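Subject: Structure for you to look at

Dear colleague,

I am handing over the structure below, and I would be glad if you would open it and keep it beside you while you read. After it come my notes on what was found.

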Amino acid sequence: MAITIRRAVKEDCPRLLELITELAIYEKAPDDVTVTLKHFEESGFGPSPVWWSFVAEEDGVIHGFALYYIRYSTWKGQAMYLEDIIVTESMRGKKIGKLLFDRLIEEAKEKKFNRIIWQVLDWNEPAINFYRKYNADFDASWVNCSIYV
């Protein structure tokens with residue numbers, strides 16, 4: 001298997017949305033994906049992108065991706081916020097997640113972000129175990145909040 005990690009391009013967006021839908025099904029929230037392809041493309045490749053991504057590809061097929069954006073802390077400055085790291089189910093266990101995560105770490109260092117932040121569902125043991133391999137800190141003291149406008 002020769003997996004290549006590269007920056008995502010606009011033409012990858014339909015496949016990325018397929019993987020996002022696959023993740024939503026895995027996370028028991030298939031109806032929560034409401035972003036349109038047009039909005040997704042404009043948000044990543046329009047005049048003012050708000051997200052960036054790396055894809056894991058083999059023979060022209062994208063098997064996974066990691067998408068991040070910049071988060072700002074008034075206490076600590078810029079950080080990378082990992083929104084999603086997704087590997088299609090049939091390719092899990094083949095070190096693709098590690099390749100993507102390692103590339104994110106390189107990117108964070110290149111851009112001089114002070115840390116990488118993300119969330120994981122408390123029942124997602126495979127993901128939690130993956131992050132433990134990186135000695136990730138798990139912080140249960142914060143409560144997630146949101147409002148829809």
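Before the first residue is discussed, one term is needed: two residues are said to be in contact when heavy atoms of theirs lie within 4.5 Å. Please also keep in mind throughout that this is a predicted model.

With that term in hand, we can begin with Arg 103, which is found in helix α3. Once its neighbours within four places in sequence are left aside, Arg 103 is in contact with Ile 5, Arg 7, Phe 54 and Glu 110. Is Arg 103 buried or exposed? Its relative accessibility is 17%, and because buried means under 20%, Arg 103 counts as buried.

Arg 103 also takes part in salt bridges, of which a search of the whole structure finds 10. One of its partners is Glu 106, with the closest N and O atoms 3.8 Å apart. These two residues are three residues apart in helix α3, which covers residues 96–110, so that about one helical turn separates them. Glu 106 itself is partly exposed, its relative accessible area being 42%. Arg 103 forms a salt bridge with Glu 110 as well, and there too the closest N and O atoms are 3.8 Å apart. Taken further, the salt bridges link Arg 7, Arg 103, Glu 106, Glu 107, Glu 110 and Lys 111 in a network.

Another salt bridge joins Arg 6 to Glu 57, and in this pair the closest N and O atoms are 3.0 Å apart. Because Arg 6 lies in strand β1 (residues 4–7) and Glu 57 in strand β2 (residues 52–58), the pair ties together parts that are 51 residues apart in sequence. Arg 6 is partly exposed, with a relative accessible area of 22%, whereas Glu 57, with a value of 18%, is buried.

Now please turn to the two helices α1 and α2. In general, two packed helices are described by the angle between their axes and the distance between the axes. At what angle, roughly, do the axes of α1 and α2 cross? The axes of α1 (residues 13–26) and α2 (residues 37–45) come within 10 Å and cross at roughly 115°. That makes α1 roughly perpendicular to α2, and the crossing of these two helices is right-handed.

Which residues meet there? From α1 come Cys 13, Pro 14, Leu 16, Leu 17 and Ile 20, and they meet Leu 37, Phe 40, Glu 41 and Phe 45 of α2. Sorted by class, this contact of α1 with α2 has eight nonpolar residues, no polar ones and one charged residue.

Finally, Val 35 is worth finding on your screen, as it lies in the loop between α1 and α2. Val 35 is partly exposed, with a relative accessible area of 33%. If residues up to four places away in sequence are not counted, Val 35 touches Leu 17 and Phe 40. Although Val 35 and Leu 17 are 18 residues apart along the chain, their C-alpha atoms are separated by 8.8 Å.

With best wishes

Definitions and conventions:
Residues are numbered from 1 along each chain as its sequence is written. This is a predicted model: local features need pLDDT of at least 70, side-chain atom pairs count only at pLDDT 80 or more; totals for chains, interfaces and linings use all residues. Side-chain values use heavy atoms; hydrogens and water are left out. Axes are lines fitted to C-alpha atoms, for helices over the stretch in contact, and angles run from 0 to 180 degrees between N-to-C directions. Helices (H or I, at least four residues) and strands (E, at least two) are DSSP runs, numbered from the N terminus. Angles under 35 degrees count as roughly parallel, over 145 as roughly antiparallel, 65 to 115 as roughly perpendicular and the rest as oblique. A crossing is left-handed if the near helix is turned anticlockwise from the far one by less than a right angle, and right-handed if clockwise. Ala, Val, Leu, Ile, Met, Phe, Trp, Tyr, Cys and Pro count as nonpolar, Asp, Glu, Lys and Arg as charged, and the others, Gly among them, as polar. A salt bridge is a side-chain nitrogen of Lys or Arg within 4 Å of a carboxyl oxygen of Asp or Glu. Buried means under 20% relative accessible area, exposed over 50%, partly exposed in between (1.4 Å probe, protein chains only).
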